[in-house]
Amino acid sequence: MTYLDELSGGNEEFKKKIVKIILAELPEEYTLYKHAIAGGNYFWASEIVHRIIQKIAFFQLEESYKKVEKHEKYLREGNLKYHPYFNEVVAKILNFLPKYSI
């Protein structure tokens with residue numbers, strides 16, 4: 001997590017707060033995203049993806065970040081091309097964070 005380390009300036013309390021915020025917000029946002037997709041409200045889903053992108057940035061997953069940005073754009077057009085990939089990225093982050101010990 002070098003970006004988080006760099007951003008925190010080595011402040012462990014700051015890193016803990018950021019991880020705690022992501023752990024609290026991401027599952028809720030992902031649930032909202034799934035409801036938006038199930039309801040066919042792709043514009044709302046794209047707004048939620050936009051919020052999640054900011055969390056992905058903390059992990060310096062450049063390729064994932066770019067594809068999730070495309071997913072946001074495609075959703076606004078009603079296209080689910082990157083939906084499976086987005087689900088994978090979020091699942092990986094949700095599986096990783098609880099194991100991340102600062």
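Okay, let's start on the outside of a helix. On α4, the face turned away from the buried side carries the exposed residues E62, E63 and K73. Before I go further: this is a predicted model, so keep that in mind as we walk through.

So what about the other side of α4? The buried residues there are S64, V68, H71, E72 and L75. Looking down the axis of α4, these buried residues fall within an arc of 100°, so they line one face of the helix. And which helices do they pack against? The buried residues of α4 pack against α2, which is 12-38, α3, which is 42-57, and α5, which is 83-96.

A quick check on the helix itself. α4 covers residues 62-76, so that's 15 residues, and at 1.5 Å a residue they should span 21 Å. The end C-alpha atoms are 22 Å apart, which agrees. Just after α4 you come to G78, and G78 takes a positive phi of about 80°.

Let me stop at one residue in α4, and that's S64. Is S64 buried or exposed? It's buried, with a relative accessible area of 11%, and the cut-off for buried is under 20%. If we leave aside the neighbours within four places in sequence, S64 is in contact with Y85 and V89. With Y85 there's also a polar contact between the side chains, at 2.9 Å.

Y85 and V89 take us over to α5, which runs 83-96. α5 has 14 residues, and from the first C-alpha to the last it reaches 20 Å, close to the 20 Å expected at 1.5 Å a residue. Its buried residues are H83, F86, V89, V90 and I93. Those cover an arc of only 125° around the axis, which puts them on the same side of α5. V89, which we just met as a contact of S64, is one of that buried set. And what do the buried residues of α5 pack against? They pack against α2, α3 and α4.

Right, on to α2. This helix has 27 residues, and it reaches 39 Å from its first C-alpha to its last, close to the 39 Å expected at 1.5 Å a residue. It does have a kink, though. Where is the kink in α2? Look at E25: the bend there is about 25°, and it comes shortly before the proline P27.

At the start of α2, N11 comes in: a side-chain oxygen of N11 reaches to within 3.0 Å of the backbone nitrogen of E13. After the helix there's G40, whose phi is positive, near 75°. The buried list for α2 includes I18, V19, I22 and L26, and also some residues such as K15, E29, Y30 and Y33.

That brings me to the charged residues. Side chains of opposite charge can pair when their charged atoms come close. How many salt bridges does the structure hold? There are 9. I'll go through a few.

First up, E12 and K15 in α2. They form a salt bridge, with the closest N and O atoms 3.1 Å apart. They are 3 residues apart in the helix, so they're separated by about one helical turn. E12 is partly exposed, at a relative accessible area of 36%, while K15 is buried, at 7%.

Then there's E13 with K16, where the closest N and O atoms are 3.8 Å apart. Both lie in α2, 3 residues apart, about one turn of the helix. Here E13 is partly exposed at 48%, and K16 is partly exposed at 39%.

Back in α4, E72 forms a salt bridge with R76, and the closest N and O atoms are 3.2 Å apart. These two are 4 residues apart in the helix, so again they're separated by about one helical turn. E72 is buried, with a relative accessible area of 11%, and R76 is partly exposed at 39%.

Last one: E25, E29, R51 and K55 are linked in a network of salt bridges. You'll remember E25 as the place where α2 kinks, and E29 is on the buried list for α2.

That's my tour. Happy to go back to any of these residues on the screen.

How values were computed
Residues numbered from 1 in each chain as written. Predicted model: local features only at pLDDT ≥ 70, side-chain atom pairs only at ≥ 80, totals over all residues. Heavy atoms only, no water. Expected span 1.5 Å × (residues − 1). Buried < 20%, exposed > 50% of the residue type's maximum accessible area, 1.4 Å probe, protein only. Arc of directions from axis to C-beta. Contact = heavy atoms within 4.5 Å. Polar contact = N/O pair within 3.5 Å; in protein donor to acceptor, adjacent residues only side chain to side chain. Bend = angle between axes of the 7 residues up to and from the residue. Salt bridge = Lys/Arg side-chain N within 4 Å of Asp/Glu carboxyl O.
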